[in-house]
Amino acid sequence: MTAPAPDAPVDFATLGQVVHEEILRLRAEEQEIVHRESEIQTMLARRRFPNRNEILGKRYYPEHLGAPKESPKDLPPATAPNSSSKVISINHVSEPKMPHVPRPGLINRISEDWGTQEGKVALLALSLRDLGKRYSVSHSSISENPFFRQKIQPLRQRTKNAHRTANWIEKNAPSRS
């Protein structure tokens, strides 16, 4: 449905100016809301942590203002009402993980099972944890096994997607009763 054409020509410049002013007004209102919210949050933080400068020490003051540079371990523990008495310690960052070395014989056992029908069914249907129990290794050893990754994992993904699709079709099919 369209509006009928007006009798007088439309002044697009005036119309554009009105829209522009409305956008500026709305933006100013949004900025005012953000400003008020910021003031409220600042007020709540000051009310909640009235002695924050005593807690933080002088570490947040710039050095050019004369405050000495302090490390966090030199500062007193936090004494805010909601602070925990539990000491927080930062552990050493763990070193990079060593590359995976396949377990000896696992590739042969998996490839032998892959050669039989029962083994194929187990390798495609069982979860990695169940496969790990079957081969007496961890599930990560199986998932990082090169033979499993190259041959079996792509087929597992395809069959998983096919099962999901079949289940979805069955669930959403109209009833035939």
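Val10, Phe12, Leu15, Val19 and Ile23 form a nonpolar patch on the surface, together offering about 480 Å² of accessible area. A patch here joins residues with over 30% relative accessible area and no salt bridge, nonpolar side chains (Val, Leu, Ile, Met, Phe, Trp, Tyr) being linked within 5 Å and like charges within 9 Å. Areas come from the Shrake-Rupley method with a 1.4 Å probe. One member, valine 19, sits in helix H1, residues 12–48, and is partly exposed at 44% relative accessible area; that class lies between buried (under 20%) and exposed (over 50%).

I should state that this is a predicted model, in which local features need pLDDT of at least 70 and side-chain atom pairs pLDDT 80 or more, while totals for chains, interfaces and linings use all residues. Residues are numbered from 1 along each chain, and side-chain values use heavy atoms, without hydrogens or water.

The protein chain has seven helices and zero strands, taken as DSSP runs of at least four residues (H or I) and at least two (E), respectively. Of its 177 residues, 13% are buried.

I turn now to the salt bridges, of which the structure holds four; each places a Lys or Arg side-chain nitrogen within 4 Å of an Asp or Glu carboxyl oxygen. In helix H1, glutamate 22 and arginine 25 are about one helical turn apart, and their side chains meet at 2.4 Å, N to O. Aspartate 113 pairs with arginine 134 at 3.7 Å. Because aspartate 113 lies in helix H3 and arginine 134 in helix H5, this pair ties together parts 21 residues apart in sequence. Aspartate 113 is buried at 18%, whereas arginine 134 is partly exposed at 36%.

Notes:
Buried < 20%, exposed > 50% of the residue type's maximum accessible area, 1.4 Å probe, protein only.
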